[in-house]
Amino acid sequence: MISSIISTLSKEKLYHVTKFSASEFESFEKLFSWSEDYLIPVLDLFRLLVLHPEGASHYRSITKFIIPGVLKWVGPDVKYANKLLALRILSNLFKYQVTRDIMMSHQQEVLKNISSNLLSDNKNLQTALSTLLLNYAILSGSLRSDESKTLLIESLIESLLKMLEKPQDDDSLFRIIIALGTLAYCNQDAKKSICNAIGTLDKQNTQGTDKTKESTIELKQLLSE
């Protein structure tokens with residue numbers, strides 16, 4: 001059963017016509033009973049499975065594998081490889097509307113659970129975290145203005161600024177800048193909080209690439225408008 005899932009996932013150009021059987025999903029889900037030491041291939045397969053439209057549709061109705069399923073693997077005491085894969089799964093859930101809805105309805109739970117990792121020195125974790133936060137920032141721009149959107153924006157700014165307390169890998173720093181710019185562009189009230197990060201961004205950019213330096217200049221221009 002697992003080999004047939006892998007075979008289907010390997011044929012990305014056929015995703016629009018391929019499906020998984022109930023028995024295939026059942027066989028895969030039994031693997032989550034494995035101990036943490038052996039869970040890497042399971043999480044990696046799940047990371048790919050949610051990128052398939054059939055997989056995304058299936059887990060829309062069985063959210064326990066995502067919330068709290070995936071979230072329990074991003075905690076402070078989780079093995080690095082499992083944590084990294086769990087963060088990548090969360091980012092992949094933004095591909096389809098059905099799973100974006102899950103991420104939106106559990107936004108505060110997700111952001112709270114990843115908070116223990118925001119000061120990580122690990123470059124891969126930094127990139128995974130900044131990608132996830134950027135996905136949320138982009139999603140916030142399509143939401144109607146209400147209390148939930150305001151809370152999401154405030155939580156995202158807090159998380160992004162927290163990450164800037166540690167030196168960031170260039171890819172992560174670029175994503176943080178783009179996320180801040182997206183939030184500032186979509187929400188006037190967010191500009192004041194983001195202005196507090198400019199000094200930190202300038203310090204981090206002393207060793208940054210042209211890409212991050214140019215993005216910081218554009219963010220400053222946006223904040224001054």
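A polar contact is a pair of N or O atoms within 3.5 Å; within protein, one must be able to donate a hydrogen and the other to accept it. I kept this in mind while reading the structure, which is a predicted model.

**Entry: serine 105**

I looked up serine 105 and found it in helix 6, residues 97-105. A polar atom of its side chain lies 3.0 Å from the backbone oxygen of isoleucine 102. I then asked whether serine 105 is buried or exposed. Its relative accessibility is 55%, and exposed means over 50%, so serine 105 counts as exposed. I also looked up its separation from isoleucine 5, which is 100 residues away along the chain: their C-alpha atoms are 29 Å apart.

**Entry: helix 1**

I turned next to helix 1, residues 2-9, where Ile5, Thr8 and Leu9 are buried. These residues lie on the same side of helix 1, because they cover an arc of only 95° around the axis. I noted that residues three or four places apart in an α-helix point the same way, because there are 3.6 residues a turn. What covers the buried residues of helix 1? I found that the cover includes helix 2 (22-30) and helix 3 (40-49).

**Entry: the largest nonpolar core**

I recorded 70 residues in the largest nonpolar core, of which Phe28, Phe46 and Tyr136 touch the most other members. Helix 8, residues 123-140, supplies the largest share of this core, with nine residues. I followed the contacts of phenylalanine 46, leaving aside residues up to four places away in sequence: it touches Phe28, Phe32, Tyr59, Phe65, Ile66, Val70 and Ile89.

How values were computed
Residues are numbered from 1 along each chain as its sequence is written. This is a predicted model: local features need pLDDT of at least 70, side-chain atom pairs count only at pLDDT 80 or more; totals for chains, interfaces and linings use all residues. Side-chain values use heavy atoms; hydrogens and water are left out. A nonpolar core is a set of buried Ala, Val, Leu, Ile, Met, Phe, Trp, Tyr and Cys residues joined through side-chain atoms within 4.5 Å. Buried means under 20% relative accessible area, exposed over 50%, partly exposed in between (1.4 Å probe, protein chains only). Helices (H or I, at least four residues) and strands (E, at least two) are DSSP runs, numbered from the N terminus. Contact means heavy atoms within 4.5 Å. The arc is that of the directions from the helix axis to the C-beta atoms.
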